[in-house]
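Q: Hi, could you walk me through this one? I'd like to talk about how the parts meet.

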Number of protein chains: 2
Amino acid sequence: MLHRSQLHGSLADPAMTSMNLLNEISIRYPEAVSFAAGRPAEQFFDLDAVHAYLDRYLDHLQKERGLPPEAARRQVLQYGRTKGIIHELIATHLAVDEGIEVPAESIVVTVGCQEAMFLVLRALRGGPEDVVLAVSPTYVGLTGAALLADLPVRPVADGPDGVDLADLRRVLAATRAEGLRPRALYLVPDVANPSGASLPLALRHELLALAGAEDFLLLEDNPYCVFGGAERLPSLKALDTERRVIHLGSFAKTAIPGARVGYVVADQPVSDGAGSTDLLADLLGMIKSMTTVNTSPIAQAVIGGALLTHDHSLRAANTEVAALYRRNLALVLDGLARRFPPGNGVTWNEPRGGFFLVLTVPRVVDDALLELSASQYGVIWTPMCHFYPGAGGEHQLRLSVSQVDPDTVDLGLDRLAALLAS
Amino acid sequence: MLHRSQLHGSLADPAMTSMNLLNEISIRYPEAVSFAAGRPAEQFFDLDAVHAYLDRYLDHLQKERGLPPEAARRQVLQYGRTKGIIHELIATHLAVDEGIEVPAESIVVTVGCQEAMFLVLRALRGGPEDVVLAVSPTYVGLTGAALLADLPVRPVADGPDGVDLADLRRVLAATRAEGLRPRALYLVPDVANPSGASLPLALRHELLALAGAEDFLLLEDNPYCVFGGAERLPSLKALDTERRVIHLGSFAKTAIPGARVGYVVADQPVSDGAGSTDLLADLLGMIKSMTTVNTSPIAQAVIGGALLTHDHSLRAANTEVAALYRRNLALVLDGLARRFPPGNGVTWNEPRGGFFLVLTVPRVVDDALLELSASQYGVIWTPMCHFYPGAGGEHQLRLSVSQVDPDTVDLGLDRLAALLAS
C-alpha cells in the first residue's frame, strides 16, 4: 500500500482536490443548467475538416515545401523535431493576426498551453529562492503547473484594469525582502480567465516598463484574444522591444481543442556563463524532450492545415464563433440586469468579450453553496475562491458563457436568482 | 539576459547536453551510414490508414457504444477525460496480446511513454530522500524524466540476464544505509534499449519476490515486447499478483510514432491516511492535468482505430515489420561475424530480437570517436557511456538495426571495421 504523504506534494494540495471536485459536479448533475464549463462551443465542430486539414498540410509539405511523398509522410508519422514542425506557420499566424514578429526558431509547439506553462515554470525554477507572481484571480492551470514545478505563486491584485501596478511593486519588494527571487508575472491581458478583465493600452506600456526596470519576465497567456471584442489592443508581446515577454498560445479555443496543440514564444537569450548563448526556446525544448518528446505531428498537421486553409488567420476563421460568444455574453448580461436591479446587492463586471464574467453577491460563495445550487436549484457555476492563490473571491462566482444555450439562459438565471434569494 | 545557472538544474546536466549532441550528429552527417537511430522502420507508414483509423474509431463510438453523432464528434474534438478515452481498448489489447488483466480505470493514456515515465517519477518524488533505481545501462528518457522530477537515479548492474539481483540487493541496502528511500526499479525486461538483454522467466519471478520482500515498485517499460523473438515470455505485469508493477507502454513502435500515444498501468492503491484510498492511476491523472491536461483525443482516436482494425492485437498487426527487424538483426550479426573473427578483440551480444545490440571493442568509445567515425569513416552509432547513469560502457557502442538498409549494411560495417582498425 502506497501512502499519499510519501508522494509529490502537489497531490496533497487543496487546489488540486478542489479542481477535481469542480470537474465532478458537472458529471454528478448532468441535468443542471451549466454556467461552469469553460470549454469552447461545439456548434462548429467538424470531423470532415480534420481529414481535410491533414490532407491540406501534406499537400503543403509536398507542393509548397518540395518534400518527396515519403519525406512528407515521415514528417507526420515518425518521431519528429522536439520544438515542433508547424513553427513557421505559427510565426506567420502571429504576424498576421497579432502583429507579433518573432523568428520561428523562438517557438516551441507544445501539448496545449498547459505544457507550455509547465515548461516555462520548470525552467524558471532554478532553486528554492525562486517564485512566480500571478495576477490574482488566476487561471487554475497556472497554479497547477507551478505546484508541479515546486515553484511558489505569489498573488498580485488585479484591480479594475487587470493588474494593479502599485500592488505589483509592493509584492516585488516584499518577496525580495524575504530573500526570494521573483522570476516572472503571469497574466492574461485580454478578457482574462476568470475575471474577464482586459488591460488598457497605457497600462500595457507601463507594465512592460516596470518589467524592464525591475528585471522580471512577463508570462503572457492569450487564449481568448480573438474573442476580445471590437476594439483590438496589441498583445504585450507585440509591444515588447526588450524580449521581456514569454508569450503562451493555444489553438484550443480558435481551432480544435481535441488537437491539444499550443505553443510558447521564448526569444530570450540565455547565457551559459562561458561565453555561449542559447535561445530560451531551445532550453524549453530540452525540457520538453523529457516530458513529451514532441507534440504529436499528426495533431500538429491538423492545426497546420487549419492555418493554411485560413491563410494563417484565425481571427477571420472565427468570425462566426466570436459572434456566438458575443451573443451569449449579451444574453447573460441582459438576463442579469433584468433580475438584479441596482441596489439589489448583486453586481457584475461587463467584459469586452471572452468566455467569463464575475458576479459579486451578498453572501459567502463556497463549494457548499455550489453543491446546494447543483442539487436543489439545478444550476452550476464556479466559486471564485478557487482562482485565488491566497484569500479572495469569497463573495464571488464565475459565470461562463461559452457553452450557454439561449433556450436555457433564462431558466438558469432564474434558478441562480432563486438560490441567491434563499 | 537570463543565465543558465539560474534555471532548473536539469538544463545544466551533462546527460542533457550529450543527448543533444547525439541528435545533432545525424543531422550534421546525413550521408553517413547510420546504426544510430532508434526510430521504427518507415516502410509500412501509411497516411490513408490514419484517415481510416479515425473513421473506424468514430464508427465504433456510434455503432458499438451507441453515442449520437454529436457526442461522438465531441469525444474526439473537445477537451476530454484526463486519463484518456481509449483506456478500455487498451485494457482489451493488454489482455489479448500480453495476458495482462487490469481494470481500464487503472490505465492513464499519455503523450507517449515519456510522459508516463515523468508522471510516475514526479508522483514518487515525495521528498529529497527518494531515489529511483534503474538497471544500467538504461534508456536516456528515464534519466531525463528523473532529472526533471528532481529524483536521483541509482544504477543497478544488468549482468548477462538483464538484471543482477545480487547487485540490486546491494544497492537497496546501500541507499537505505544513506538514509534514502528506494521507491522503484526501472527496467526494460524484453530486448532492452540499449542492451538488447531479456530477463529469463525464473529471474522475473525472483525479481517480483524481491520487490515484495524489500517493498519497492517495479517500473516495467515494454516498448519492444512485440519484437522480442520467437519465444514469448510473460511481462512482469502479467506475473504480478501483488500490484508491485507499474507497467509503461507505447504505441510508437507497434502502431504510429507520430500519434504520440502511450500509457501507464497503475493499479496500486494509495492511502490518504484518513481512511480513504485512491488508485495510483487517478493521482497520476491529477499530475497529468497539470502537464498536458489530456492526450490529444484525435491522436487517441487514430490509435483506437488501429486497435479496433486489428481486433486489439498489435502482435498480429506487426508480423511483417517484426520479420523485417529480425532480418535486419540477422544481417548485422552475420556481417559482424564475417568481419570480426573470434580472438579479434571485438565481441557482441546476440539479442533475441528488438532494435539494439552492443559491441565491445578494444579501445575507448566516446564522443570524440563518434565524431571521427562520422566525419572520416562515414558511419554513425551510439557510444554506450551515454546510457550509464554512473561510469560504464567506456569500451562499448550500440548498434541499432531498426532502420538498417540491407543495401548499405555491409558498407556500414566495413567502415566500422576500418574505424576500429585505425
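What follows is a short chat about chain contacts, symmetry and domains.

A: Happy to! This is a predicted model, where local features need pLDDT of at least 70, side-chain atom pairs count only at pLDDT 80 or more, and totals for chains, interfaces and linings use all residues. Residues are numbered from 1 along each chain as its sequence is written, with chains lettered from A and ligands numbered from 1 in the order in which they are written.

Q: Cool. How many residues does each chain put into the contact?

A: Chain A gives 67 residues and chain B gives 67 residues, with contact meaning C-beta atoms, placed from the backbone, within 7 Å.

Q: And how are the two copies related?

A: A turn of 180° with a shift of 0.0 Å along the axis lays chain B on chain A at an RMSD of 0.0 Å, superposed by least squares on C-alpha atoms of residues with pLDDT of at least 70 in both. That is the relation of a two-fold axis.

Q: Why do you say the copies meet through the same surface?

A: Because 100% of the interface residues of chain B are also interface residues in chain A.

Q: Switching topic: which domains does chain A have?

A: Domain 1 is 8–37 + 318–421 and domain 2 is 69–315, with bounds from an automatic or database domain assignment. Their contact takes 26 residues from domain 1 of chain A and 25 residues from domain 2 of chain A.

Q: How far apart are the C-alpha centres of those domains of chain A?

A: The centres of domain 1 and domain 2 of chain A are 27 Å apart.

Terms used
Two residues are in contact if their C-beta atoms, placed from the backbone, lie within 7 Å.
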